[in-house]
Amino acid sequence: MAEVVVVQPYVPSYRVPFFEGVSARLESYGHSLAVVAGSPSRQQGLRGDAVSAFRWLNTRKTRVLTFRGHSVRHVGARQIWKNADAVVVELASGSLDAHVASIAHARRPLLVWGHVSNYVDRGNLLDRWLETRLMRRSDIVFAYTQGGKRAAVERGIPAQRVVALTNTVDTEAEVAGLESVAGASTEVGDSTLPTFAYIGGLDEDKRVDFLADVLDELWTCAPHIRFEVGGRGADEWRLRAAAERGQVTLHGHVGIDQKIRIAAKSWALVNPGRVGLIAVESFALRLPLITTDFPFHAPEFEYLAPGEDSLVVPGSAAEFARALAELSADPSRVNALRAAAAAKADQFTMEAMVQRFVGGILSVL
């Protein structure tokens, strides 16, 4: 029996089905999983999605050291993984746990997982060197997407050591639940009140300030358009003015049932900032995603086909508002986008991601 330890900065609720699946699959082979996770950062904590009570989860307090603008975080997982048969760490230059594990690599297989490429920031030469060093010392590199796998190979990592996980979230309940909602349809009609949804964290990465400006513009040119917002975060306050005038309904942190109810009455999803796993949820909820040409989208942005199942609107808040107003006046276009999004609902399954992850682990045990 082998013990596999995964070290995480923290575990958000959307990762629970993944780790539950990995734990169950490893157990079917006679192995065990332990996840060592730190505490969320202040911004992450305001989202209200951190979890702590699972049999495979060991939570610890994260320590953060900052030197000349560069932060290093330390979960202190060595005491747990020092006797493990394999350890999986995040591919992050600022993770001290990852670097400590790479030094002890000769004693046990090391696996890393992450974006690989600089999707969500510009990065720098030091970060790139440190992350490339981590990949070269590892037995397996788990890249979130095919784009990440290509980036790893370009940095000299042999392709046979790189696994593209096709990062996803568990959407089975959302797909099934939406199909059972009375009145839910894949189409909108001319008489339906145009309603857009926002689901996710309300913080700087998601450009909530931009969304607030869009709402102000729409209040002038298309005040009949409504928004349903599910999520919490440091920038939630920016939407309160729109909520007070009845333009926006703020639901706070939403679970699956609330997401389904929001989706059932919405025309599309709106996310002007970083697009990541919300791309997968847009398919499951049968809602096209409307976003911007933001330069720091996460790897899962690759799953979208702009113009077919989503829209990417360049320019200012006024131009984004105008695009939403035009879309609200064109139900046939909305329905075409919705149909294309719904067609991808079963393409990014949790079962397949778990299988790829466990397969990589088993290959080095």
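Two strands are taken to pair if DSSP finds at least two bridges between them; helices (H or I, at least four residues) and strands (E, at least two) are DSSP runs, numbered from the N terminus. The structure is a predicted model, in which local features need pLDDT of at least 70 and side-chain atom pairs count only at pLDDT 80 or more, whereas totals for chains, interfaces and linings use all residues. Residues are numbered from 1 along each chain as its sequence is written, and side-chain values use heavy atoms, with hydrogens and water left out.

By these criteria, strand E2 (residues 32-37) and strand E3 (residues 57-59) pair in the parallel sense over three bridges, with Val36 opposite Asn58 in E3. Strand E1 (residues 3-8) is likewise parallel to E2, to which six bridges join it, and Gln8 stands opposite Ala37. The connection from E1 to E2 passes through helix H1 (residues 16-28) and forms a right-handed β-α-β crossover; right-handed denotes that, with the strands pointing away from the viewer, the path from the first strand over the helix to the second runs clockwise. Six of the six residues of E2 are buried (buried, under 20% relative accessible area; exposed, over 50%; partly exposed, in between; 1.4 Å probe, protein chains only). In a regular strand the side chains alternate between the two faces of the sheet. In E2, Ser32, Ala34 and Val36 on one side and Leu33, Val35 and Ala37 on the other are all buried.

An open sheet of six strands with parallel pairing has the order E12-E11-E10-E13-E14-E15. Strand E12 (248-250) and strand E15 (310-313) form its edges; each has a single partner strand, so one side of each lacks a neighbour in the sheet. The twist averages 25° from one strand to the next, where axes are lines fitted to C-alpha atoms, for helices over the stretch in contact, and angles run from 0 to 180 degrees between N-to-C directions.

Within this sheet, strand E10 (residues 195-199) has five of its five residues buried. Thr195, Ala197 and Ile199 occupy one covered face of E10, and Phe196 and Tyr198 the other. Five bridges link E10 to the parallel strand E11 (residues 226-230); Phe196 has Phe227 as its bridge partner, and Tyr198 stands opposite Val229. E10 also pairs in the parallel sense with strand E13 (residues 268-270), over two bridges, and here Ala197 stands opposite Leu269.

Helix H12 (residues 317-328) lies across E10, E11, E13, E14 and E15, at about 160° to E14 (contact, heavy atoms within 4.5 Å). The buried residues of H12 are Ala317, Phe320, Ala321, Leu324, Ala325, Leu327 and Ser328. Viewed down the helix axis, these buried residues fall within an arc of 165° and so line one face of H12, the arc being that of the directions from the helix axis to the C-beta atoms.

Two loop residues have notable backbone angles. Most residues other than glycine have a negative phi. Arg207, in the loop between E10 and H8, nevertheless has a phi near 55°. Its relative accessible area is 21%, so Arg207 is partly exposed. Arg286 also has a positive phi, of about 60°, and is placed in the loop between helix H11 (278-284) and strand E14 (289-292). With a relative accessibility of 16%, Arg286 counts as buried.
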